[in-house]
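Here are some short exercises to work through with the model open in your viewer. Try each task before you read its solution.

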Amino acid sequence: MYAKCSRMDAAEKMFDEMPERNLVTWNSMVVGLLQNKFFDRAVLVFSEVLKRDSIVPDEVTFSSALSACGNNGSSEFGRQVHGLVVKSNLMTSSYVKNSLLDMYCKCGSLDDALRQFQTSGVRDVVTWNVMMMGFVHNDKFEEACHYLSFMRSEDMIPDEVSFSTALHATASISAMSQGTSIHNQILKSGFANSNCIGSALIMMYAKCGSLTDATRAFEEIEGRTVVCWSAMITAFQQHGRADQAIEMFEDMLAEGTKPDYITLVSLLSACSHAGRVDEGYLYFNSMSKIYGINPGHEHYACMVDLLGRAGRLDEAKKFIESMPIKADSTVWGALLGACSNHRNLEMGREAADRLFELQPDNPGNYVLLSNMYSHEGRLKEADEVRRLMSVNGIKKEPGCSWVDIKSTTFVFTSHDRSHAMTREIYEMLGQLEELVKRKGYIPQVQFAVNSIGEYKERNLWHHSERLALVFALLTLPNGAPVRIKKNLRTCGDCHTVMKFASDIYKREIVVRDVNRFHRFTDGQCSCGDYW
């Protein structure tokens with residue numbers, strides 16, 4: 001009872017006072033610690049069980065221990081537990097097998113997980129779900145989608161968790177055609193009214209760039225939970241629709257649904273991307289006072305981002321210094337991004353130094369600081385930052401963009417000439433350059449940070465998202481929306497070109513970069529150039 005009420009202090013006191021403890025008692029402690037996310041302590045209690053000669057662990061004990069190992073990344077101890085499971089003849093228990101599979105997946109040991117999956121004999125729907133979630137956890141999104149098909153081919157009927165996991169996978173790779181195919185399967189399977197699936201559908205359509213379909217999915221859900229509301233608020237936020245996000249939040253309150261931790265992260269992020277500083281402060285201050293939610297690192301990061309985007313860098317710095325919890329990489333990252341946008345090199349250097357300590361292997365922080373030095377003409381310092389990257393063995397992730405044409409994904413890198421239509425692509429690119437210049441386009445060469453002299457402008461025109469754009473214009477039907485995905489933040493010059501292109505070709509162009517969506521129509525972007 002105490003454990004389920006999240007009172008592990010009282011549960012442990014009761015446990016310590018017991019004159020005799022049997023297996024059920026020990027299991028209650030291990031399970032309680034696991035459910036309350038005290039994973040290290042759950043492992044320690046399990047270790048104590050093993051020392052008791054009078055106590056023989058059962059499937060509940062082993063399954064809970066394996067789950068704790070998976071959640072705290074203790075793969076070495078998890079393997080030892082695996083050995084004990086074999087010795088105890090419990091490998092026939094689906095409960096234990098599924099926990100073992102989950103442990104290997106969460107510890108990043110996919111080969112071991114696959115070996116267990118393939119030799120597990122009879123597989124139930126949970127076994128398939130755990131394997132699919134393991135692929136998602138390890139960023140193997142296409143494999144997760146394939147396993148839904150494999151599952152059906154073996155006459156295993158997917159449940160709502162199966163479909164929800166597959167939708168998460170398709171959302172992560174913006175695979176719209178796969179997502180709509182899964183949606184059709186959901187409708188045939190009778191799970192359309194599930195809140196779990198409804199929120200996953202909202203997320204899938206939103207991340208694939210179709211806010212209209214996301215909204216339709218939300219409207220079709222009956223008895224919406226906070227998860228569904230949060231998914232829709234997040235969708236509006238990602239697409240630069242701050243007004244709708246705030247309106248959706250107020251509608252949620254009016255219907256009597258209390259926001260949770262995630263809801264408020266999305267709401268504050270929406271305020272940040274729209275420059276709504278006063279409203280952001282209002283919602284942040286209401287978290288603990290009205291909703292009983294203590295702000296976490298994500299909320300503080302949103303507030304720093306909110307102030308930083310508005311150019312209030314000194315206020316953002318003071319906000320960090322006043323935080324009751326130690327600022328993590330998300331908070332300092334928000335400040336570094338703001339310093340980059342507003343050309344505050346001194347404060348940016350301080351934020352970068354903090355990030356080098358917290359995230360020594362993150363190339364993005366080094367690149368951002370190097371670019372800041374380059375923009376200020378301090379090339380020697382910029383080269384020094386890049387040399388530091390090389391010394392530490394850190395490589396910048398190469399930028400790429402991709403578009404889906406008739407269920408086929410086409411990937412482009414900067415200066416790419418590997419495609420069959422390369423000649424047509426570069427001819428079309430030249431035409432686009434002429435057209436946007438007639439419209440008043442002036443190249444922003446500060447975004448060509450790795451080029452010099454006359455090559456700066458040419459380098460801009462070979463950015464991957466522009467190649468993806470002209471390829472889509474060449475191959476998609478007239479009037480069809482263009483949806484481009486990019487693994488890095490899109491640059492300001494490409495942002496300008498996309499605005500011109502949407503007006504010239506009368507197309508809706510949606511660019512999903514690493515941070516958010518940009519929806520270009522009639523020469524304007526949904527972000528209002530505030531990003």
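**Exercise 1. Cysteines**

Task: Work out why C302 forms no bond with the closest cysteine sulfur.

Solution: Keep in mind that this is a predicted model. Start from the sulfur of C302 and look for its closest cysteine sulfur, which is in C271, 9.2 Å away. A disulfide needs two cysteine sulfur atoms within 2.5 Å, so the separation of 9.2 Å is too far for a bond. Next, check the surroundings: C302 has 9% relative accessibility and therefore counts as buried.

Now extend the search to the whole model: the count comes to zero disulfides. C107 is likewise in no disulfide, its nearest cysteine sulfur being that of C69, at 7.1 Å.

**Exercise 2. Two loop residues**

Task: Decide whether L476 is buried or exposed, and do likewise for G311, choosing from buried, partly exposed or exposed.

Solution: First find L476, in the loop between α26 (464-475) and β3 (482-486). Its relative accessible area is 17%; since the limit for buried is under 20%, L476 is buried. Then list its contacts, leaving out residues up to four places away in sequence: L476 touches I405, P481, V482 and R507. As for K506, it is 30 residues from L476 in sequence and 13 Å away in space, C-alpha to C-alpha.

Turn to G311, in the loop between α18 (297-309) and α19 (313-321). With a relative accessible area of 37%, G311 falls between the 20% and 50% limits, so it is partly exposed. To place G311 further, take F471: the two are 160 residues apart along the chain, and their C-alpha atoms are separated by 37 Å.

**Exercise 3. Nonpolar cores**

Task: Find which members of the largest nonpolar core touch the most other members.

Solution: The largest nonpolar core has 130 residues, and M131, I202, M232 and L335 touch the most other members. Pick M232 and set aside its neighbours within four places in sequence: M232 is in contact with I202, L211, A214, T215, F218 and M248. Apart from the largest core lies another, of 31 residues, including V470, L473, V497 and F500.

**Exercise 4. Empty space**

Task: Say how many cavities of 30 Å³ or more there are, and which residues line the second largest cavity.

Solution: Rolling a probe the size of a water molecule over the atoms shows where empty space is left. The count comes to two cavities of 30 Å³ or more. The second largest cavity has a volume of about 30 Å³, and its lining consists of R343, N344, L345, M372 and E376. Sorted by class, that lining has two nonpolar, one polar and two charged residues.

Notes: Residues are numbered from 1 along each chain as its sequence is written. This is a predicted model: local features need pLDDT of at least 70, side-chain atom pairs count only at pLDDT 80 or more; totals for chains, interfaces and linings use all residues. Side-chain values use heavy atoms; hydrogens and water are left out. Helices (H or I, at least four residues) and strands (E, at least two) are DSSP runs, numbered from the N terminus. Buried means under 20% relative accessible area, exposed over 50%, partly exposed in between (1.4 Å probe, protein chains only). Contact means heavy atoms within 4.5 Å. On a 1 Å grid over the protein atoms alone, a cavity is a set of points where a 1.4 Å probe fits but cannot get out, and a pocket is an open set with protein on both sides within 12 Å along at least five of seven lines; lining residues have an atom within 4 Å of a point. Grid points are joined across faces, edges and corners, and a volume is the space filled by probe spheres set on the points. Ala, Val, Leu, Ile, Met, Phe, Trp, Tyr, Cys and Pro count as nonpolar, Asp, Glu, Lys and Arg as charged, and the others, Gly among them, as polar. A nonpolar core is a set of buried Ala, Val, Leu, Ile, Met, Phe, Trp, Tyr and Cys residues joined through side-chain atoms within 4.5 Å.
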